[in-house]
Amino acid sequence: MKSRKTLLASTLLFCFSTSTYAASNELPSLGDAASSIVSLQEEHELGRTWLRQLRAHAHTIDDPLTIEFIESLVFRMIPHSGAPQQDFDFVVIDKKELNAFAVPGGVIGINMGLLLYTRDEDEIAAVLAHELAHLSQRHFARQIERAEQQQPIAIATLLASILLIATNNADAGFAGLMASQAASIQSQLAYSRDWEREADRIGINTLAESGFDPQAMPSMFNQMMAASRIGDKPPEFLLTHPLTLSRVSDAAARAEGYAPQPRHLSFDFAILKNRARIRYQLTEATITDTFIREAEATDNSALTRNAAHYTLAEQALQQQDTKTALQQLKQLDESYQQSPASLALLAKVLTATHQAEQALEMLTMALTYHPGSYLLISTRANVLADLGRPEEAVNSLRPLTEQRPTTPGLWFQLSQLAATANNSVLAYRANAEYLFFSGESAKASRQMDLAIAAAAKQKDFQRQEALKERLKQMAASRKQLE
């Protein structure tokens, strides 16, 4: 029989499966068997280990607006999804291909390019609801149940192949799998199509109960199939989540059983979609003209015009053209001017024009209406640093690290601010956390050693012992993967 460690690693593959097994209408029963095979805590630990490795191999997008947008969609659905996890982590990969995935323990990821293929938030929510269903039905643990009697798969080969699938080269990933005990792997993936249908059905119900349009699931499938016909190869999501005409028909029929809901189009969705277009579709020479046309077209919706003005302001600031950036922000309708995204961008423009005090006052007021906003708190911390108040910046950011302890970008910002404040212990420790959650365990350990040494030099022995304990935890996580 397989060791549990090998089983835990091998069955991570459920979310990347390409089985050709015919789906049946009878679904496996969860019961208590799944929990007896692998606990939620074991899933959590393995999922976070995998996420660190993913970040080590893929370029991710860690800006607060993007992360908060995905979080808002998922957290709206979690109470209606049946997902047993308490903690979730989100990752956005800087790739233009249409893809999303769920990993045991509550790790959910998408490619930024998914925004190119979705027409509204309901369609993104449909993809995320599908992934939540994989987690709620504990397909990972059920895969272990199916795999217990199968021949072991080399953990190194399997994990390397999964990472290739999720990051760089799906074909190479599958090639690596097929080169290593292909028959055993194929047998273990035999129920993946059943589970895809199950995830569709549960996902549609989650959409409906969360106030999204259940029809977004079949409409998103149609978007995927259209993308498949246009491109040279199917979208990554279809490589890992096989989509057949019967599955699309089944989803459409089930969605008809729910009352339709109005679709959601938010300002954040529109500006993030513009970012994706700039990143993956438009050329540098066409960006400005494209969004000027969209901002000025009277037949465009107010949302489209305002999102175009925001994008033009964002582009102008990147080019250090603060005058144009301010002009574009002033053209936003008042309701859009008060959004956290607009306020954060305006604060950056004001800071760049030596009006940081005004920016700080504005952000402080905004946080009374949007308490806990990662975007606003992060922006405010940078403004404080620009005003020569790095200690205040550090103090304002540190509570977020308790709420978001696995967010690399947050730790990186804290390390920079702590260095500016001459807080060497915190600067080293925060940099260690950034490196650790980015999959750079060896470098993280070296930074933690420096933090411990700095604490000892300051005779802060209580802090020194706490850092040593954290270093042990990092080392244990590193050994888990090895």
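The legends below describe several close-up views of a predicted model.

**View 1. The chain as a whole combines 27 helices with three strands.**
In this predicted model, the chain has 482 residues, and buried residues make up 55% of them. Among the contacts between residues at least 6 apart in sequence, 71% join residues that are at least 24 apart. The accessible surface of the chain comes to about 20,800 Å², and carbon and sulfur atoms account for 50% of that surface.

**View 2. Three strands form an open sheet, arranged in the order 1-3-2.**
The pairing within this sheet is mixed. Strand 1 and strand 2 are the edge strands, since each of them pairs on one side only. From one strand to the next, the twist averages 15 degrees. Strand 1, which covers residues 89–93, pairs with strand 3 in the parallel sense over five bridges, and in this pairing Asn111 of strand 3 is the bridge partner of Ile93. Strand 2, which covers residues 100–103, pairs with strand 3 in the antiparallel sense over four bridges, and here Ala100 stands opposite Ile110 of strand 3.

**View 3. Strand 2 and strand 3 are joined as a hairpin.**
Three residues lie between strand 2 and strand 3 in this hairpin, and Gly105, which belongs to the turn, has a positive phi of about 95 degrees.

**View 4. Strand 3 is covered on both of its faces.**
Where do the residues of strand 3 stand, buried or exposed? Strand 3 runs over residues 107–111, and five of its five residues are buried, so the strand is largely enclosed by the rest of the structure. On one side of strand 3 the buried residues are Val107, Gly109 and Asn111, while on the other side they are Ile108 and Ile110. Two helices can be followed across the sheet in this view. Helix 4, made of residues 64–81, lies across strand 1 and strand 3 and runs at about 130 degrees to strand 1. Helix 6, made of residues 121–136, lies across strand 2 and strand 3 and runs at about 20 degrees to strand 2.

**View 5. Helix 3 covers residues 40–57, and its length can be checked against the expected span.**
Helix 3 has 18 residues, which at 1.5 Å a residue should span 26 Å, and because its end C-alpha atoms are 26 Å apart, the model agrees with that expectation. Many names appear among the buried residues of helix 3, including Leu46, Trp50, Leu51 and Leu54. Charged and polar names are found there too, among them Glu43, Arg48, Arg52, Gln53 and Arg55, which are likewise buried.

**View 6. Helix 20 covers residues 340–352 and is followed by a residue with positive phi.**
For the 13 residues of helix 20, a rise of 1.5 Å a residue should give a span of 18 Å, and the end C-alpha atoms are 18 Å apart, which agrees. The buried residues of helix 20 are Ala341, Ser342, Leu343, Ala344, Leu345, Ala347, Val349, Leu350 and Thr351. Just after helix 20 comes His354, whose positive phi is about 65 degrees.

**View 7. Asn274 of helix 15 is joined to Thr311 through a contact between side chains.**
Asn274 lies in helix 15, which is made of residues 267–280. With a relative accessibility of 5%, Asn274 falls under the 20% limit and therefore counts as buried. The side chains of Asn274 and Thr311 are joined by a polar contact of 2.9 Å. Leaving aside residues up to four places away in sequence, Asn274 touches Phe291, Ala307, Ala308 and Thr311.

**View 8. Gln315 of helix 17 and Thr288 of helix 16 are shown together.**
Gln315 is found in helix 17, which is made of residues 302–318, and its relative accessibility of 13% is the reason why Gln315 counts as buried. Leaving aside residues up to four places away in sequence, Gln315 touches Ile278 and Ile287. Thr288 has its place in helix 16, which is made of residues 287–296, and with a relative accessible area of 38% Thr288 is partly exposed. Between Thr288 and Ala316 there are two separations to note, because the pair can be described along the chain or in space: they are 28 residues apart in sequence, and their C-alpha atoms are 9.2 Å apart.

Technical notes
Residues numbered from 1 in each chain as written. Predicted model: local features only at pLDDT ≥ 70, side-chain atom pairs only at ≥ 80, totals over all residues. Heavy atoms only, no water. Buried < 20%, exposed > 50% of the residue type's maximum accessible area, 1.4 Å probe, protein only. Helix = DSSP H or I, 4+ residues; strand = E, 2+ residues; numbered from the N terminus. Pairing = 2+ DSSP bridges. Expected span 1.5 Å × (residues − 1). Contact = heavy atoms within 4.5 Å. Areas by Shrake-Rupley, 256 points an atom, 1.4 Å probe, with all protein chains shown as cover. Axes fitted to C-alpha atoms, helices over the stretch in contact; angles between N-to-C directions. Polar contact = N/O pair within 3.5 Å; in protein donor to acceptor, adjacent residues only side chain to side chain.
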